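Please work through the exercises below with the sequence and the structure in view, trying each task before reading its solution.

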Amino acid sequence: MHDPVAFRSLHRARFHAEPAVFAAPGRVNLIGEHTDYAEGFVMPAAIDFATLAGVSPRTDGKIAIYSENYGEERSFEAAALPAQANHHWSDYPIGVVKVLAGEGHRIPGFSLSLWSDVPLSAGLSSSAALVVSTALAVESLTGASYPGPVVARLCQRAENEFVGANCGIMDQFVSANGAQDHALLLDCRDLSFRLAPIPPHVALVIANTMVKHSVAGGGYKSRRAEVEAACAVIARHRPGVKFLRDATLDDLDKWGREMEPKSLMRARHIISENLRTVAASEALLRGDLEELGRLMAEAHASYSRDFEASCVEADAMVELAQDLPGLIGARLTGGGFGGCTVNLVEQAQAAAFSEALGARYTAQFGMVPQIYICHASGGAHRLD
Ligand code: ADP
Ligand code: MG
């Protein structure tokens, strides 16, 4: 039901009021993995799966929120919102309301309907689509009008501070600021960004390995600690290096032997990934898809070998794509240890590519992967 007319009548039937409707997309990261907390670069694209948020004011002081995905409605007093998250989907929209209230906005009662075709918890950031669409909806009631980058920051805070999700800003940023047929190169240091065109004949094929391995010692935490330890070694020699963003491969040649071997490997991934991510945006700006594919292959190898954040299934999903017609580039996307691969594929071959990749993966692992054919889409906006 990516159909605003049907969505509007759903809201009208439930809440007896005409809604203002806002849409915010999910996303896929094309390149730049674990570079965000090193104040480096990421290059995601918004995709053509989105969350719709319909909002209308109420006079009874209540905030009623309905999710069509869950078929469930929750209701709160606007003046007495829960102090803590409840491990429920309503934490996300309530988190947004609380962050906006914390910015000094008086939040009136309202009815909010939510619907999404972003697959939930599949690594395509349904949570960012949810908080960003909700933020635009609630903003419209208060008369506030924040620029996209500010919306992203407020939404990240809703996930970090209220929901308790330890996420960076990439997801909310590209959901709020993405552009049709473009990837977005984001500098996580100062949130400056640049759009780079993805030709319309290129599809983003996202293949879910259907596995998510838990890692002894906590994958994300231990990687982060190793990255920070590597940075501290370099900073002893070059005090200007606050994050690996400031370091070079030359620094690793000089001082890498003072690092734990794992720290050196992690740092090599981060420093080279930053270079690749900027190079990938330049390749897109030049229209050099071959170079982009090469950079994606290099990024996957680095993520798998140096960062050790891949797994058998994800390596296979990338490998099985290599000789399929239409492939431009493939790599594991997201935090690692499973999840989805992203494949840039010629649109004309995308359906056959997806079918063949799925069949190969099923033959090897006995699991049917979910595969989505997406396109780079625009960021969050109001629907008329
Ligand atoms: P991802 O962002 O990768 O999809 P997350 O775990 O970060 O995965 O977010 C998924 C959660 O976001 C869901 O479990 C649910 O609580 C919430 N969510 C996302 N979309 C919706 C929706 N349309 N309606 C209600 N809750 C949603
Ligand atoms: Mg999320």
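**Exercise 1: the surroundings of E33**

In this predicted model, E33 touches H269, I270, E273, Y303, R331, L332, T333 and G334, where residues up to four places away in sequence are not counted.

Task: find where E33 lies, and decide whether E33 counts as buried or exposed.

Solution. Begin with the position along the chain: E33 belongs to the loop between β1 (20-31) and β2 (41-57). Next, take its relative accessibility, which is 4%; since buried means under 20%, E33 counts as buried.

**Exercise 2: helix α3**

Task: describe the span of helix α3 (residues 126-142), state how many of its residues are buried, and say which residue follows α3.

Solution. From its first C-alpha to its last, the 17-residue helix α3 reaches 25 Å, which is close to the 24 Å expected at 1.5 Å a residue. Turning to coverage, 14 of the 17 residues of α3 are buried, and the helix is thus mostly covered. After α3 comes G143, which has a positive phi, near 85°.

**Exercise 3: how α3 meets α5**

Task: work out how α3 and helix α5 (residues 170-177) pack, and which residues meet.

Solution. The axes of α3 and α5 are 9 Å apart and the helices pack at an angle of about 55°, so the two helices are oblique to each other. The crossing in which α3 passes α5 is right-handed. On the α3 side, A128, A129, V131 and V132 meet D171, Q172, S175 and A176 of α5. Sorted by class, this contact of α3 with α5 comprises five nonpolar, two polar and one charged residues.

How values were computed
Residues are numbered from 1 along each chain as its sequence is written. Chains are lettered from A and ligands numbered from 1 in the order in which they are written. This is a predicted model: local features need pLDDT of at least 70, side-chain atom pairs count only at pLDDT 80 or more; totals for chains, interfaces and linings use all residues. Side-chain values use heavy atoms; hydrogens and water are left out. Helices (H or I, at least four residues) and strands (E, at least two) are DSSP runs, numbered from the N terminus. The expected span of a helix is 1.5 Å times one less than its number of residues. Buried means under 20% relative accessible area, exposed over 50%, partly exposed in between (1.4 Å probe, protein chains only). Axes are lines fitted to C-alpha atoms, for helices over the stretch in contact, and angles run from 0 to 180 degrees between N-to-C directions. Angles under 35 degrees count as roughly parallel, over 145 as roughly antiparallel, 65 to 115 as roughly perpendicular and the rest as oblique. A crossing is left-handed if the near helix is turned anticlockwise from the far one by less than a right angle, and right-handed if clockwise. Contact means heavy atoms within 4.5 Å. Ala, Val, Leu, Ile, Met, Phe, Trp, Tyr, Cys and Pro count as nonpolar, Asp, Glu, Lys and Arg as charged, and the others, Gly among them, as polar.
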